[in-house]
Amino acid sequence: HVDLYEQDGHPVTRASRVNEGKIHRGFLYAHDRSLRTARLMVRGGLAFSACLSRWIDLAARPLHLSTPFVYVVHRNTMVDIDAVEHHFSACCSADRELRAASGLRYLGRDEASSFRKLDPEQLRSILNPAELVGAFETTEYAIDPRPVAERLRAAVLAEPRITFHGGCRVDRVERVNGRGFVVSFTHDAPGRSGPYDQVVNALWD
């Protein structure tokens, strides 16, 4: 059983509802030569639909996807175009490896991770080529997070194992005599609740 504390009146608001919606495949952060960031993002992208399906029915109402993402390489980039292309190839290899090991599919699709370099004419149709040295179209997509947030909100509120505490601002979490954690919060008046075995803090600050 979970107690969910939220300073707004409803769950799944703010950045959970209004964001880019991009489901990454590791292409970002090409300057990380270790590929640790890329592999983490590939794993997250592959797991996204499976995690989401625990809460909402994606078969009945599939996610709406964007057009494929295009990455452009500026003339003054920190990572030259050959290094970007090498990074993208490494991301696709990591995707193949992790797909095979996990059996998961990116956004429920059989489409493998891939990219292609745009020709000069395609590049001119997007941005000013005078400022760019090239661009790549990838099989990376975004979803519209707003309808997903609405469906997740309904699922959270309907889940009997979750008690939602809206309008609560958590002020402090402290361990109590090794018996768990107590949460101090403000909701009309100061309050305390617990002990809890585990506390997950999802605050930006």
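These legends go with several close-up views of a predicted model. Local features need pLDDT of at least 70, side-chain atom pairs count only at pLDDT 80 or more, and totals for chains, interfaces and linings use all residues. Residues are numbered from 1 along each chain as its sequence is written, and side-chain values use heavy atoms, with hydrogens and water left out.

**View 1. The whole chain, for orientation.** The chain has four helices and 10 strands, where helices (H or I, at least four residues) and strands (E, at least two) are DSSP runs numbered from the N terminus. From start to finish the order runs β-β-α-β-α-β-α-β-β-α-β-β-β-β. The C-alpha trace covers about 60 × 40 × 35 Å along its principal axes. Its radius of gyration, taken over C-alpha atoms, is 21 Å, against a value near 17 Å for a compact globule of 205 residues; that globule rule is 2.2 Å times the number of residues to the power 0.38.

**View 2. Surface, burial and charge.** The accessible surface adds up to about 12,900 Å², with 52% of it on carbon and sulfur atoms; areas come from the Shrake-Rupley method with a 1.4 Å probe, and for residues only the protein chains shown count as cover. Of the 205 residues, 36% are buried, meaning under 20% relative accessible area, while exposed is over 50% and partly exposed is in between (1.4 Å probe, protein chains only). Take contacts (heavy atoms within 4.5 Å) between residues at least 6 apart in sequence: 68% of them join residues at least 24 apart. As for charge, the mean positions of the 27 positive and 26 negative charges sit 3 Å apart. Lys and Arg count as positive and Asp and Glu as negative, with His and the chain ends not counted; each charge is placed at NZ of Lys, CZ of Arg, CG of Asp or CD of Glu.

**View 3. Helix 2 and its packing.** Helix 2 takes in residues 81-102, and its end C-alpha atoms are 31 Å apart, in agreement with the 32 Å expected for 22 residues at 1.5 Å a residue (the expected span is 1.5 Å times one less than the number of residues). Its buried residues include Ile-81, Val-84, Phe-88, Cys-91, Asp-95, Leu-98 and Arg-99. An α-helix has 3.6 residues a turn, so residues three or four places apart point the same way. The buried residues of helix 2 pack against helix 1 (36-53), strand 3 (70-74), strand 4 (115-117) and strand 5 (132-138). Ser-89, also in helix 2, is partly exposed at 34% relative accessible area. The C-alpha atom of Ser-89 is 7.9 Å from that of Ser-114, 25 residues apart along the chain.

**View 4. Two leucines with positive phi.** Leu-35, in the loop between strand 2 (22-23) and helix 1, has phi near 70°. Its relative accessible area is 23%, so Leu-35 is partly exposed. Leu-107, in the loop between helix 2 and strand 4, has phi near 55°. With 11% relative accessibility, Leu-107 counts as buried.

**View 5. Ser-184 and the cis bond at Pro-195.** Ser-184 belongs to strand 9 (residues 181-187) and is buried, at 7% relative accessible area. Leaving out residues up to four places away in sequence, Ser-184 touches Arg-169, Val-170, Asp-171, Arg-172, Glu-174, Gly-191 and Arg-192. Strand 10 (residues 189-196) holds Pro-195, and the peptide bond from Gly-194 to Pro-195 is cis, with omega near 0°.
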